[in-house]
Amino acid sequence: GIPTGNSVGFKCPTSDLDLVDGSGTINIKDLRGKIVIINFWGTWCGPCKQEFPHLQKAYELYGDKIEVIAMNSYPYETAEDVANFKETNGYTFPMVKVDSAWNTAMGVSSYPTSVFIDRYGVICLIQKGTVTEEGIFEGAFNHFTSENYEQKLVNKLEDLDTLEYPVGHKRNPMETYGAIGSFQIKVEAGK
């Protein structure tokens, strides 16, 4: 099978995550068959706040085929801070507060970072930086939810546009990674 890791081409680590609104838990492994985007962010992060309305719109359009998990991994914020942010701004996608160990586990070095996991549970794209154009998330979800989806690993969201060009156009750059050995994370409740 495919090893678990934090790079494109690896299976994403999984854990039961408490939703900040108190409605239960969510686990990526239970979402197989759906496209999952994990968005790492902080409530203080201006670029994150710019990106969320676009993410919300795409979530509303593709809600039956995708799952969005806004994963706050900033160490100086609480689940209550995140819940207040969600309620104040009216976002409907799931939000969780996790230990900052997830930053290391997923290779997150800046906010926002969006990790796209395809219907097979494999990380197929890691987007570092803000997505400020409405159509980019929609285009990504269109690509990953397509009936004709073929698993392709891409460097950045903008590369998805090249996937639909006819034969003869420039090809999409691909990345391959070797195994990185055993990979574990431990997330304790309440952190």
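**Strand S4 and its surroundings**

Met 71 stands opposite Val 96, a residue of strand S5, and this pairing is a good place to enter the predicted model. S5 spans residues 95-97 and runs parallel to S4, the two being joined by 3 bridges. Between these strands the chain passes through helix H2 (residues 79-89), and the resulting β-α-β crossover from S4 to S5 is right-handed.

S4 also pairs with strand S3 (residues 35-41), again in the parallel sense, here over 7 bridges. Within this pairing, Ile 38 has Ile 69 of S4 as its bridge partner. The connection from S3 to S4 leads through helix H1 (residues 46-62), giving a β-α-β crossover that is right-handed.

How much of S4 is buried? In this strand (residues 66-72), 7 of the 7 residues are buried, so S4 is largely enclosed by the rest of the structure. The cover extends to both faces: Ile 66, Val 68, Ala 70 and Asn 72 are buried on one side, while Glu 67, Ile 69 and Met 71 are buried on the other.

A visit to strand S6 (residues 113-117) brings us to Thr 113. With a relative accessible area of 1%, Thr 113 counts as buried because this value falls under the 20% cut-off. A polar atom of the Thr 113 side chain lies 2.6 Å from the backbone oxygen of Ser 110. Beyond its neighbours within four places in sequence, Thr 113 is in contact with Ile 38, Asn 39, Phe 40, Val 108, Ile 126, Gln 127 and Lys 128. One of these contacts, Ile 38, is the residue whose bridge partner in S4 is Ile 69.

Methods
Residues are numbered from 1 along each chain as its sequence is written. This is a predicted model: local features need pLDDT of at least 70, side-chain atom pairs count only at pLDDT 80 or more; totals for chains, interfaces and linings use all residues. Side-chain values use heavy atoms; hydrogens and water are left out. Helices (H or I, at least four residues) and strands (E, at least two) are DSSP runs, numbered from the N terminus. Buried means under 20% relative accessible area, exposed over 50%, partly exposed in between (1.4 Å probe, protein chains only). A polar contact is a pair of N or O atoms within 3.5 Å; within protein, one must be able to donate a hydrogen and the other to accept it, and residues adjacent in sequence count only if both atoms are side-chain atoms. Contact means heavy atoms within 4.5 Å. Two strands pair if DSSP finds at least two bridges between them. A crossover is right-handed if, with the strands pointing away from the viewer, the path from the first strand over the helix to the second runs clockwise.
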